[in-house]
Amino acid sequence: MRTKSVGKKKINVVTLGCSKNVYDSEVLMSQLKANGKEVVHEDRGDIVVINTCGFIDNAKEESINTILDYVDAKNRGEVEKVFVTGCLSERYKPDLIKEIPDVDQYFGTRDLPVLLKHLGADYKHELVGERLTTTPKHYAYLKISEGCDRPCSFCAIPLMRGGHVSTPIEKLVLEAQKLAKKGTKEIILIAQDLTYYGLDIYKKRALGELLKELVKVEGIEWIRLHYAFPSGFPEDVLDIIREEPKVCNYIDIPLQHINSDLLKSMKRGTTHEKTDALLAKFREKVPDMAVRTTLIVGYPGETQERFQELKDWVKEQKFDRLGCFTYSHEENTGAYVLEDDIPQEVKEARVEEIMELQSQISWEKNQEKIGKVFKCIFDRKEGNYFIGRTEYDSPDVDNTVLVSADNTYISIGEFAEVKITSAEEFDLYGELI
């Protein structure tokens with residue numbers, strides 16, 4: 001057993017899952033720091049707080065393995081206490097208490113004040129909008145709402161995050177101003193559903209109004225939209241994307257599938273025809289917009305014919321960015337009563353087929369960029385390359401622009417004009433001009 005340190009205990013916050021969890025960890029860390037606590041992110045600490053994900057099987061497995069690793073470390077005397085919070089803990093708390101009793105305490109997604117108490121800290125209301133960001137200084141996530149009111153049959157988010165609650169525009173503007181003062185140049189708007197923003201507090205969809213206020217924040221140069229919902233999409237947002245230079249020509253809109261019968265079973269509130277009409281509207285209003293989507297394959301009832309319809313549609317639409325996941329049969333969701341009738345190996349093979357198609361589409365689109373000049377922001381240096389992104393690319397999930405570090409210096413977090421000289425499926429290579 002190691003000797004327990006005298007004096008202040010260091011608190012290590014470990015984040016798993018999506019950008020919404022990153023945001024929540026940053027809020028927790030800010031509160032701890034304001035209480036005089038020493039806090040680190042995914043480093044060594046005396047006390048560990050694991051912010052878990054419980055969305056699909058792979059995420060749950062990663063969360064459980066991480067909890068078990070830190071419990072083992074606790075039993076070896078390497079850490080003193082292990083606390084678990086986040087989505088997995090919200091959804092499976094009774095089971096987790098029973099199966100992994102060596103965790104000191106489990107907390108749900110809305111238990112921040114209680115969690116702080118157990119860490120010897122008080123929740124400070126005056127810190128609303130303050131975060132100890134864990135992303136590189138030049139970009140940050142801005143969570144504009146919590147929870148979701150959509151009834152999607154495959155999704156357990158409402159079970160873990162509750163109903164939709166929008167954050168008022170003035171609070172979000174204040175938060176963006178604070179980020180800008182710290183050097184943030186790009187803010188990425190996140191929510192379970194951007195499309196629904198404002199309906200609860202303003203009785204109307206207010207994403208457009210929010211954008212009009214955020215573009216006024218001095219120092220912010222790029223504003224990016226993530227996780228919009230296709231049904232009820234506010235079309236005024238498209239006009240703002242087209243007309244306002246600060247709003248990136250980019251949207252992330254998870255469409256999940258295209259077969260109308262499966263969309264009905266998924267309770268997505270749309271059809272093949274309506275989805276095509278929406279995408280046509282996107283391209284008509286903002287011809288230069290990059291559309292990112294995610295798809296689910298292997299949903300109950302996805303016959304080979306329905307999967308072929310999805311493949312044909314992917315070929316036809318030529319999405320700029322696309323991710324694909326296997327269906328996960330989640331208890332207490334609407335689809336759980338259906339038979340999970342697609343074997344896992346078939347699901348995985350279908351993912352590979354979709355991503356192979358997308359790889360070819362991405363390669364073709366990237367070839368068209370050769371010889372063109374793009375404004376890029378640079379996130380990091382890796383080996384002999386500076387790694388940047390265009391406005392059509394979000395960090396961690398999209399394409400990158402690589403500029404050789406030979407005889408070239410680029411400040412991380414700065415913008416630069418880059419001429420593309422060559423291209424692969426997911427990477428562009430260029431030189432400064």
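The exercises below, each with a worked solution, concern a predicted model.

**Exercise 1. The parallel sheet**

Task: Give the strand order of the five-stranded open sheet, and state which strands stand at its edges.

Solution. Step 1: strands of a sheet pair through backbone hydrogen bonds, in either the parallel or the antiparallel sense. Step 2: the order across this open sheet is 2-1-3-4-5, with parallel pairing. Step 3: strand 2 (38-41) and strand 5 (105-106) each have a single partner strand, so one side of each has no neighbour in the sheet, and these two stand at the edges. Step 4: for a detailed register, take strand 3 (residues 47-52) and strand 4 (residues 81-86), which are joined in parallel by six bridges. Ile47 is placed opposite Lys81 of strand 4.

**Exercise 2. Helices on the sheet**

Task: Determine which strands helix 1 lies across and which strands helix 2 touches.

Solution. Step 1: helix 1 (residues 19-34) lies across strand 1 (10-15), strand 2 and strand 3. Its direction is at about 170° to strand 1. Step 2: helix 2 (residues 57-75) packs on the sheet and touches strand 1, strand 3 and strand 4. The angle between helix 2 and strand 3 is about 170°. Step 3: for the record-based context, UniProt lists residues 9-124 as "domain: MTTase N-terminal" in an unreviewed entry. Over residues 9-124 the chain is 47% helix and 21% strand, with end C-alpha atoms 20 Å apart.

**Exercise 3. Helix 2 against helix 3**

Task: Classify the packing of helix 2 and helix 3 as roughly parallel or roughly perpendicular, and list the residues that meet.

Solution. Step 1: a packed helix pair is described by the angle and the distance between the axes. Step 2: for helix 2 and helix 3 (residues 87-99) the angle is about 80° and the axes are 11 Å apart. Step 3: this angle makes helix 2 roughly perpendicular to helix 3, because angles of 65 to 115 degrees count as such. Step 4: from helix 2, Lys60, Ser63, Ile64 and Ile67 meet Leu88, Arg91 and Tyr92 of helix 3. Step 5: by class, this contact has four nonpolar, one polar and two charged residues.

**Exercise 4. Helix 11 against helix 12**

Task: Repeat the analysis for helix 11 and helix 12, and state whether the crossing is left-handed or right-handed.

Solution. Step 1: the axes of helix 11 (residues 304-317) and helix 12 (residues 344-367) come within 10 Å and cross at roughly 15°. Step 2: helix 11 is therefore roughly parallel to helix 12, the cut-off being angles under 35 degrees. Step 3: the crossing is right-handed. Step 4: helix 11 contributes Gln304, Phe307, Leu310, Lys311, Val314 and Lys315 to the contact, and helix 12 contributes Arg350, Glu353, Ile354, Leu357, Gln358 and Ile361. Step 5: these divide into six nonpolar, two polar and four charged residues.

**Exercise 5. Strand 14 and its partners**

Task: Find how many bridges join strand 14 to strand 15 and to strand 17.

Solution. Step 1: strand 14 (residues 373-382) and strand 15 (residues 385-389) pair antiparallel over five bridges. Glu382 stands opposite Tyr385. Step 2: these two strands form a hairpin with two residues between them, and Gly383 in the turn has a positive phi of about 60°. Step 3: strand 14 is also antiparallel to strand 17 (residues 415-423), with five bridges. Here Ile377 is opposite Phe415. Step 4: an unreviewed UniProt entry annotates residues 367-433 as "domain: TRAM". That span is 1% helix and 52% strand, and its end C-alpha atoms lie 19 Å apart.

Technical notes. Residues are numbered from 1 along each chain as its sequence is written. This is a predicted model: local features need pLDDT of at least 70, side-chain atom pairs count only at pLDDT 80 or more; totals for chains, interfaces and linings use all residues. Side-chain values use heavy atoms; hydrogens and water are left out. Axes are lines fitted to C-alpha atoms, for helices over the stretch in contact, and angles run from 0 to 180 degrees between N-to-C directions. Helices (H or I, at least four residues) and strands (E, at least two) are DSSP runs, numbered from the N terminus. Angles under 35 degrees count as roughly parallel, over 145 as roughly antiparallel, 65 to 115 as roughly perpendicular and the rest as oblique. A crossing is left-handed if the near helix is turned anticlockwise from the far one by less than a right angle, and right-handed if clockwise. Contact means heavy atoms within 4.5 Å. Ala, Val, Leu, Ile, Met, Phe, Trp, Tyr, Cys and Pro count as nonpolar, Asp, Glu, Lys and Arg as charged, and the others, Gly among them, as polar. UniProt positions are given in the numbering used here, feature names are shortened, and annotations may be inferred rather than shown by experiment. Two strands pair if DSSP finds at least two bridges between them.
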